[in-house]
Amino acid sequence: MLTYSIPTEAGGTGKTTTAINLARAHADAGHDVLLVDLDSQNVSATWFLGDVEWAKDQQHPCLSKIIMGLGSDASLTDIVVAQEEEGFDLLPRHVNDSNFESYYRKAESMAQMEGREFEPCVQLRDQIARERLHTEYDVIIYDVDGSANLKLNQALAASQNVVVPFTVSEKGQSSVGGIRESLNGIESDLGISMTVSALVPNMVDYSSVQECKIAARIIDSDEYTTPIAIGDRATLEKMANGGGSLRSVIADGHGGEKHERTADRYDILAAYLERKANLSDREVDTETPPYYDRIQKYLGSEVVA
Ligand SMILES: Nc1ncnc2c1ncn2[C@@H]1O[C@H](COP(=O)(O)OP(=O)(O)O)[C@@H](O)[C@H]1O
Ligand SMILES: [Mg+2]
């Protein structure tokens, strides 16, 4: 079983892009995959994959109400939408999911009134366990917001593992430090331990010495593993509004060799994560990431030392 959240401190760093391409890569490797959309923004995985018909229907059950036990007999399994073209399942975002915080408070006060215990942040984790989704799926990925909030904490508690995309800038670099801090916070609040499985430098401008320096510093540090990096690829924007994963964009005739190479990178990262979770024994060489040559070319001997 492999499960992880994709958090960063900031918005627009490529979390949803990374989540969808990884979900597709795991599915292509033959695994049963569930992608859970916990984004608060409209520009969420559900939107990238092509909207879901009932997502605006007020009467339709949504993830937030189900996990808070608020007036819905539905299960998460009932609201899963199979993505036929991609080969994975999606727990979509419903408009009412933007009321997450108020549902959470309501569930908390109901529990207090009834004298029941209300453990913080674990409602999603518990519902996933009740429905035995961990045995039904090989891989569960939680796509979350950029900001620290209750929904993010639910995802962290359910996954206890993260893959962190970040933009290679001074700001991006400081947000890597911020992630560890927020993980430390949730570890002590919930008494769990969190793993950082990989960092993913994203939107790297290989022609910028400054960006290459920052990327090299992170790759060379022993603190985190960086199996892949993704360049600044305008084509990824074709995934928007129903375009789906990069593999889907290519299958629909909107991609070429460059896009194949980018999609191959996500396969490498997926294989690395699968191997770490004992889902696969495919060899992945993370000692010399495939993009490192490129970074060194711009930096010469300056960084290699
Ligand atoms: N490597 C990349 N190169 C160029 N554009 C990218 C890249 N990764 C993501 N994007 C674009 O950046 C925007 C934000 O990406 P998204 O995945 O929605 O970020 P987040 O989920 O962190 O808010 C989208 O328009 C997406 O297409
Ligand atoms: Mg997003």
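Ala, Val, Leu, Ile, Met, Phe, Trp, Tyr, Cys and Pro count here as nonpolar, Asp, Glu, Lys and Arg as charged, and the others, Gly among them, as polar. On that basis the shell around ligand 1 holds seven nonpolar, eight polar and four charged residues. The model is predicted.

**Ligand 1**

The shell has 19 residues. Gly14, Lys15, Thr16, Thr17 and Glu237 come nearest to the ligand. Helix α1, residues 15-28, supplies the largest share of the shell, with three residues. Helix α1 also appears in the cover of α12, described below.

**Helices α6 and α8**

Two packed helices are described by the angle between their axes and the distance between the axes. Helix α6 spans residues 123-130, and helix α8 spans residues 150-159. Their axes come within 7 Å and cross at roughly 45°. That angle makes α6 oblique to α8. On the α6 side the contact uses Gln123, Leu124, Arg125 and Ile128. They meet Gln154, Ala155, Ala157 and Ala158 of α8. By class, the residues of this contact are five nonpolar, two polar and one charged.

**Helices α10 and α12**

A length check can be made on two helices. The rise used is 1.5 Å a residue.

| Helix | Residues | Expected span | Distance between end C-alpha atoms |
|---|---|---|---|
| α10 | twelve residues | 16 Å | 16 Å |
| α12 | 20 residues | 28 Å | 29 Å |

The end-to-end distance agrees with the expected span for α10, and likewise for α12.

Helix α10 runs over residues 209-220. Its buried residues are Glu211, Cys212, Ile214, Ala215, Ala216 and Ile219. Is Arg217, in the same helix, buried or exposed? A residue is exposed if 12 or fewer other C-beta atoms lie within 10 Å of its own. Arg217 has 12 such neighbours, so Arg217 counts as exposed. The C-alpha atom of Arg217 is separated by 35 Å from that of Trp47. Along the chain these two residues are 170 residues apart.

Helix α12 covers residues 257-276. Its buried residues are Ala263, Arg265, Tyr266, Asp267, Leu269, Ala270, Ala271, Tyr272, Leu273 and Glu274. What covers them? Strands and helices both contribute, including β1 (2-6), β6 (161-167) and β7 (195-202), along with α1 and α11 (246-251). Beyond the helix comes Asn278, with a positive phi near 60°.

Technical notes: Residues are numbered from 1 along each chain as its sequence is written. Chains are lettered from A and ligands numbered from 1 in the order in which they are written. This is a predicted model: local features need pLDDT of at least 70, side-chain atom pairs count only at pLDDT 80 or more; totals for chains, interfaces and linings use all residues. A residue is near a molecule or strand if its C-beta atom, placed from the backbone, lies within 6 Å of it. Helices (H or I, at least four residues) and strands (E, at least two) are DSSP runs, numbered from the N terminus. Axes are lines fitted to C-alpha atoms, for helices over the stretch in contact, and angles run from 0 to 180 degrees between N-to-C directions. Angles under 35 degrees count as roughly parallel, over 145 as roughly antiparallel, 65 to 115 as roughly perpendicular and the rest as oblique. Two residues are in contact if their C-beta atoms, placed from the backbone, lie within 7 Å. The expected span of a helix is 1.5 Å times one less than its number of residues. A residue is buried if 20 or more other C-beta atoms lie within 10 Å of its own, exposed if 12 or fewer, and partly exposed in between; C-beta atoms are placed from the backbone.
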